[in-house]
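Me: Please take a close look at a single part of this model, a residue of your choosing, and then set it in its wider surroundings. I would like the cut-offs stated as you go.

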Amino acid sequence: MKPSIKYCLLAFAALLCSACSKNFLDREPFDKLVPNSFFNTEADLQLYSNSFYQQFTPSALAIVQADEMGEYTSKNNSPKFISGSFTPIDQGGWSWTKLRNINYFLSKYDNPAIPEAARKHYAGIARFYRALFYFDMVKDYGDVPWYSKPLSTDDRDMLYKKRDPRAAVMDSVLADLDYAVANIRDKKDNTSSMISKWVALGIKSRICLFEGTYRKYHSEIGLANTADKWLTEALNSAKQVMDSKQYSLYSTGNPTTDYRTLFTSENPVAAEIMWANTYNNALKRWHEVTWKFNSATYGARWGLNKQFVNTYLNADGSRFTDKAGFDELLFVEEMKGRDPRLSQTIRGLGYKRSDGSAAPANFGYTFTGYHILKFSLDDKRLDGIAEAYNSITMLRYAEVLLNYAESAAELGQMAGNASIWEQTIAALRKRAGVNPKQPETADTYLQQVYFPEISDKFLLEVRRERGIELCYEGLRYDDLMRWKKGTLLEMPWKGIYVPAMDQEMDLDGNGTPDVSFVAKTPASPKQGVSYFVVDGKAAKLSQGTKGHILWRVDENRKFEDRKYLKPIANSDLVINPDLGQNPGW
């Protein structure tokens, strides 16, 4: 550029600047969401609160896959937290970004120019999500720092403070939930994607049940005397949802399909599903759950374990485990006459894909033979591509009924009160096609294998029903933690019964062989038969050349008491040593 032109341009720029007033230069930009130009209308509050949904809603896969941490799941291998050497170095640092987003909103939303009811509604949404944030933190770490306002870099006392006691934090969580219930609008959301008063009540029943049972069974935290308070809060919250008549158990009178319809529908079944992560094929909003459950490489080859499958009742309401020789029945025999939810949770007899082809349990995709079906769509094309479009539930009315039943049983209210059984466990079993009769005695199988410390026959049935009804909906690990049953994660991964090595077995009841258990794959494999190599290392049969599949016998799964809480990450302790470490870590 020639000097004369350069100097002219500089002079012109200086002239423009001199014409600009300081006030103009200090104005906030028109294309940014800044405090003085935002938080002025209800639409602004709605727009900001939408960010909470985006930040907090887990992916479809995350919801379903959470149950791989449960004791009833086998997979490629256990997570390092359960099997292996896990230390605070392995624990990722915690993040407070989501909380700051919420607290910032709560510090700015209360503009008198906006109608009070609208302000309280969106503040309720924010406080609902703050309760969720802290509930997750307490589940992981126990005591955590409580922050109710956004911090700045010079708030050193708050930034570097010690952790607040669990009891104080959970009292604040309860206060947030109560505010949310009192102020979020009570109109039912028929898309099942937005937070309503009813969703807040349902989640409150979940959180209060967790906290009440955690305090009851974890005597080491010294809060057992407050457990009933939380259980009562869970009971009352669930009852409010029930009494509202806003929701019901979905039923068309066809128990062989109704249960699974809840988990394969593109549009959430709004009669029962209160809150869901919604997907849509036309909008190409897809997920990969079907692919994950039907791939030998992309997934972890999840499957249910035999011990849990045994807990499914017979359709007539009798206990499968009361039958002589129940544990050594062939797959085609153990699947007959059972609770219809079993064949809607795993691939059972006669299952076919959408093209009509037979699809027995595939040992290329599962190790135990109990091949998970519940959230998988039937289209084979989706086995290798992330284009599944069924919406994934995050809260169902069925869970609310179970929360009510469990809190009532824990409070000693179910025995002698037939109405509680009829409203909850009986209703769920009727929808499922199972005789809803009450138990005459405590189930010895459940006591011996799962809950030897429980003698209440009703509480045992509630726990059975919870496991079956909510299987793979992401709640099982939390249940084990609150019941103080982490040692169940040491349970062997046990599969179907194999009568003999090198014997072809039919798994779907159509009379043709589907699998054979061998020491090595034959040179000329038979078409249509998959071969499971029993190598004696990772895989064995329980009786040598016959028996149940035992998968990952080479692992040393160990759950010590310290694992009920995660360690504080070393990186966080370096920043703030006053946080202190959790016991045992």
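Reply: Y472 counts as buried because its relative accessibility is 1%, where buried means under 20% relative accessible area, exposed means over 50%, and partly exposed lies in between (1.4 Å probe, protein chains only). The model is a predicted one, in which local features need pLDDT of at least 70 and side-chain atom pairs count only at pLDDT 80 or more, whereas totals for chains, interfaces and linings use all residues. Residues are numbered from 1 along each chain as its sequence is written, and side-chain values use heavy atoms, with hydrogens and water left out.

The backbone of Y472 deserves attention, since this residue has a positive phi of about 65° although it is not a glycine. Most residues other than glycine have a negative phi. Y472 sits in the loop between helix 20 and helix 21 (476-482); here helices (H or I, at least four residues) and strands (E, at least two) are DSSP runs, numbered from the N terminus. F39 also has a positive phi without being a glycine, in this case near 55°, and it is found in the loop between helix 2 (22-25) and helix 3. With a relative accessible area of 4%, F39 is buried.

Helix 20 (457-469), which precedes the loop of Y472, is among the elements against which the buried residues of helix 18 pack, the others being helix 11 (258-264), strand 4 (392-396), helix 16 (397-410) and helix 17 (418-423); contact here means heavy atoms within 4.5 Å. Helix 18 itself (residues 425-432) is mostly covered, with six of its eight residues buried, namely I425, A426, L428, R429, R431 and A432. Just after helix 18 comes G433, whose phi is positive at about 90°.

Elsewhere, T290 in helix 12 (residues 289-293) is buried, with a relative accessible area of 1%. A polar atom of the T290 side chain lies 2.9 Å from the backbone nitrogen of L377, a polar contact being a pair of N or O atoms within 3.5 Å, of which, within protein, one must be able to donate a hydrogen and the other to accept it, while residues adjacent in sequence count only if both atoms are side-chain atoms. Leaving aside residues up to four places away in sequence, T290 touches F375, S376, L377, L382, D383 and A388.

Charged pairs add a further layer, and a search of the whole structure finds 52 salt bridges, each defined as a side-chain nitrogen of Lys or Arg within 4 Å of a carboxyl oxygen of Asp or Glu. One of them joins R185 to E42, with the closest N and O atoms 2.9 Å apart; because R185 lies in the loop between helix 8 and helix 9 (197-217) and E42 in helix 3 (residues 42-56), the pair ties together parts that are 143 residues apart in sequence. R185, at 37% relative accessibility, counts as partly exposed, and E42 at 30% also counts as partly exposed. The salt bridge between D339 and R341 has an N to O distance of 2.7 Å, and here D339 is buried at 3% relative accessibility, while R341 is buried with a relative accessible area of 1%. R381 and E387 form another salt bridge, their closest N and O atoms being 2.7 Å apart; R381 is partly exposed at 44% relative accessibility, whereas E387 counts as buried at 17%.

For the chain as a whole, the secondary structure comes to 22 helices and 10 strands, and buried residues make up 53% of the 585 residues. Among contacts between residues at least 6 apart in sequence, 71% join residues at least 24 apart. The C-alpha atoms fill a box of roughly 95 × 70 × 50 Å along the principal axes. The radius of gyration is 27 Å, which agrees with the value near 25 Å that a compact globule of 585 residues would have; this radius is taken over C-alpha atoms, and the globule rule is 2.2 Å times the number of residues to the power 0.38.
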